[in-house]
Amino acid sequence: MALPDSPKPLRADAERTVRAILEAAERVLSANPAATVEQIAEAAGVARTTVHRRFASREALITALAAWATQRFREAVEAARPDTAPPAVALYQVTANVLRVKTGWGFAMGALPTDAPEVARVHAGVLAQCERLFARARDAGLLRSDADVDWARRVYYLLIHEAAAEAPDTDAAVDALATRVVDTLLHGFGGPALTSGTTGTPG
């Protein structure tokens, strides 16, 4: 299922209504994936007819919700300036920004298959940015010069997934988890013996 073409810009009041519906849909569907349009309308504080005026069907609403979340995901990565900000700053900011999207739009992020054309295009762009960021991090000495950048990036994705599963509900909690993810990526759990160059197995 492909995401719909971008609609014409909405008036400010209409845009606020659409956003309220999408935010309500995320909350309601996260709690109950089988929730009805009527339940979503009630949570948004609008009439059921208002939802149907904006979205032809429940499926269309979920597709729009996924499109919205995909856009937020792309913006979260781009806002961290992964190609221009100092690598350490960009790595932390990407982590915090993406965690906010994953925890705030968790249902929507999984509402469409990753091979949907627009979703695949966004993820390919984000992947390219992350590959460049990790190469910059290695060149800046944040990662070992012999580090497998692809492996490090895949581990990083898993760390973000685990952090998002903790469902941080405040900015401070997101920031703390982002710091933990980056610290774990860059420093792991090795002790002094490893950092001093001793890597052998104890006898």
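**Exercise 1.** Determine where Leu-133 lies and whether it is buried or exposed.

*Solution.* Step 1: Leu-133 belongs to helix α7, residues 117-139; helices are DSSP runs of H or I with at least four residues, numbered from the N terminus. The model is predicted: local features need pLDDT of at least 70, side-chain atom pairs count only at pLDDT 80 or more, and totals for chains, interfaces and linings use all residues. Residues are numbered from 1 along each chain as its sequence is written, and side-chain values use heavy atoms, with hydrogens and water left out.

Step 2: The relative accessible area of Leu-133 is 2%, so Leu-133 is buried (buried means under 20%, exposed over 50%, partly exposed in between, with a 1.4 Å probe and protein chains only).

Step 3: Neighbours within four places in sequence are set aside. Leu-133 is then in contact with Pro-82, Pro-87, Ala-90, Leu-91 and Val-94, where contact means heavy atoms within 4.5 Å. For Ala-90, 43 residues from Leu-133 along the chain, the C-alpha separation is 7.8 Å.

**Exercise 2.** Describe how α5 and α9 pack, and list the residues that meet.

*Solution.* Step 1: Two packed helices are described by the angle between their axes and the distance between the axes. Here α5 covers residues 87-104 and α9 covers residues 171-187; the angle is about 130° and the axes are 9 Å apart. The axes are lines fitted to C-alpha atoms over the stretch in contact, and angles run from 0 to 180 degrees between N-to-C directions.

Step 2: The two helices, α5 and α9, are therefore oblique to each other (under 35 degrees is roughly parallel, over 145 roughly antiparallel, 65 to 115 roughly perpendicular, and the rest oblique). The crossing of α5 past α9 is right-handed, that is, the near helix is turned clockwise from the far one by less than a right angle.

Step 3: From α5 come Leu-91, Tyr-92, Thr-95, Ala-96, Leu-99 and Arg-100; they meet residues of α9 including Asp-171, Val-174, Asp-175 and Leu-186. By class, this contact has eleven nonpolar, two polar and three charged residues.

**Exercise 3.** Which residues does Asn-97 touch?

*Solution.* Step 1: Asn-97 is located in helix α5 and is buried, at a relative accessible area of 14%.

Step 2: Not counting residues up to four places away in sequence, Asn-97 touches Ala-76, Ala-79 and Ala-80.

**Exercise 4.** State how many salt bridges a search of the whole structure finds, and work through three pairs.

*Solution.* Step 1: The search finds ten salt bridges, each a side-chain nitrogen of Lys or Arg within 4 Å of a carboxyl oxygen of Asp or Glu.

Step 2: Arg-100 and Asp-175 form a salt bridge at 3.0 Å, N to O. This pair links distant parts of the chain, 75 residues apart, with Arg-100 in helix α5 and Asp-175 in helix α9. Arg-100 is partly exposed at 28%, and Asp-175 is partly exposed at 28% relative accessibility. A network of salt bridges links Arg-100, Asp-171 and Asp-175.

Step 3: In the pair Asp-150 and Arg-154, the closest N and O atoms are 3.3 Å apart. Asp-150 and Arg-154 are four residues apart in helix α8 (residues 149-165), so about one helical turn separates them. Asp-150 is partly exposed at 34%, and Arg-154 is partly exposed at 43%.

Step 4: The side chains of Arg-144 and Asp-146 form a salt bridge at 2.9 Å, N to O. Arg-144 and Asp-146 are both exposed.

Methods: Ala, Val, Leu, Ile, Met, Phe, Trp, Tyr, Cys and Pro count as nonpolar, Asp, Glu, Lys and Arg as charged, and the others, Gly among them, as polar.
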